[in-house]
Amino acid sequence: MLTRSLLLISIIFSSIAGAFAQDELFSQFFAAPTQLNPALAGTTYTPRVSLNYRNQWPTLPNAYITYAAAYDQYFEQYSSGIGVSLISDNAGDGLLKTTKVQLAYAYNIQVSEAFFIRLGLEGDLVQKRLDWDRLIFLDQLDPFLGPIGPGGIPFATLEERPANLTNTYFDVSTGLLAYAPWFYAGITVKHINAPDESFLGDPTGNGSIPILFSFHAGAEINLGNTNNKSKSKAFISPNLIYARQGDFNQVNAGAYIGTGMIFGGAWFRHTFSNADAAIVMAGFKKGIFKMAYSYDITVSGLSSNTGGAHEVSFVLNFDETEASKIRRMSKRYGDCLKIFK
C-alpha cells in the first residue's frame, strides 16, 4: 500500500511542479460533447443535461475521480448554442482537487441546405487546491520505519512549503466544427492564454499549461431502415480523435453502434510511445433518457497495477420528446451528430 501511495503521489506531484500536464478527456466523449469541442454546445434544439463520472486507476488509493455536470441548448432565433459545465477532479483522495466552471458558446452557420459550420468559444474559471501536509518526500523516508517515526509523527522534510496552496486562474479555448448528414469533423484549441497552474510561482513559465490541439472526426452509416417509425434506425459511427499537448500525442479510434434502445462501442487509445487502453462501452436509451457504462482496459506496462478505469454517463435529451421529434421532421432536421444525442 505504501508503494502504491508513493507511486500515486509522485505522479501527481510531477504535474503540480508543472513538468508535464494533460487535460482530462472522457472515454465517453459523446456524453460530454463540450469537453471535446465548445462548438458542440447546443447541438439539440431543446435542453440537454449530462452527468459524467470517471474513476481512473481504482486499485490505487482513489487515484483520479472526476465528476461533471453540464447543461446546453440551442437558441434558433440567434443561431447560437450555450453550454454550462461544472467539473470536479479529485486526485489522490483529496491530495489535489480541481474545480472548473465552464461557459461555452457556439455560433451555427448554414453553408448550404445540408452543410453547416459551427464556431465555438469557451471560458473556464479554474481553482486548484493542494493538501501539502499529505505529501511524502524522499527525505522523509526511513529505510526501516518509512515516513512515520516511532511516536507516530511524520519525519520532517527540507522541501519548502509554497506560500499559496490554492491557485485560481482563467482559461480560454476555441473550436471549429463542420458537419453534414453523413460526417462531422472538428478542431479544438485549448489553453490559448497558457494559464499558470503551478503553486510554486515559477518565473520561468514551466507552470503554464501547454496548448492542447485536437482533431476529431466521424461518420454515420445507416445499417438499414425500419418500418416502425417509433424505432430508431440502426447505425454505426466510426470516429477518430487525435490530441497533442506539449510532447504528448494520443490517438483514440473506434466505433459507436446503435440499434433501437441499445447502443455500444469499442475504441483503442494509443499514445504513440506505447499502447494505452482498449475501451468497451454499452448503454441503454429510451425516450429522453440515455445511460452508458464503459471500462478502460489498460494495456500498457501499468496494466497489473491500475485496475483500468470505470466511467458512467447519464444524459437527459429533451429533443427526444414527441413534440420535439415532430418539430425536427417539419424542419427536415438531419445531421450525423446522433452519437452526441
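How much space lies in the largest cavity? In this predicted model, in which local features need pLDDT of at least 70, side-chain atom pairs count only at pLDDT 80 or more, and totals for chains, interfaces and linings use all residues, the largest cavity holds about 100 Å³ of space. Residues are numbered from 1 along each chain as its sequence is written, and side-chain values use heavy atoms, with hydrogens and water left out. A cavity is here a set of points, on a 1 Å grid over the protein atoms alone, where a 1.4 Å probe fits but cannot get out, and lining residues have an atom within 4 Å of a point.

Of the 16 residues that line the largest cavity, Ala32, Thr34, Ser50, Ala70 and Ser85 are the closest to its centre. Strand β2 (strands being DSSP runs of E, at least two residues, numbered from the N terminus) contributes the largest share of this lining, five residues. The second largest cavity has a volume of about 50 Å³, and of its 11 lining residues the closest to the centre are Asp23, Lys100, Gln102, Asp124 and Lys190. At least two lining residues of the second largest cavity come from each of β4 (96–110), β5 (116–130) and β6 (166–179).

Further along the chain, strand β13 (residues 275–286) runs antiparallel to β14 and is joined to it by 10 bridges, where pairing requires that DSSP finds at least two bridges between two strands. Ala278 stands opposite Ile297 of β14. Strand β14 also pairs in the antiparallel sense with β15 (residues 309–317), over eight bridges, and Val312 in β15 is the bridge partner of Tyr293.

Methods:
Helices (H or I, at least four residues) and strands (E, at least two) are DSSP runs, numbered from the N terminus. On a 1 Å grid over the protein atoms alone, a cavity is a set of points where a 1.4 Å probe fits but cannot get out, and a pocket is an open set with protein on both sides within 12 Å along at least five of seven lines; lining residues have an atom within 4 Å of a point. Grid points are joined across faces, edges and corners, and a volume is the space filled by probe spheres set on the points.
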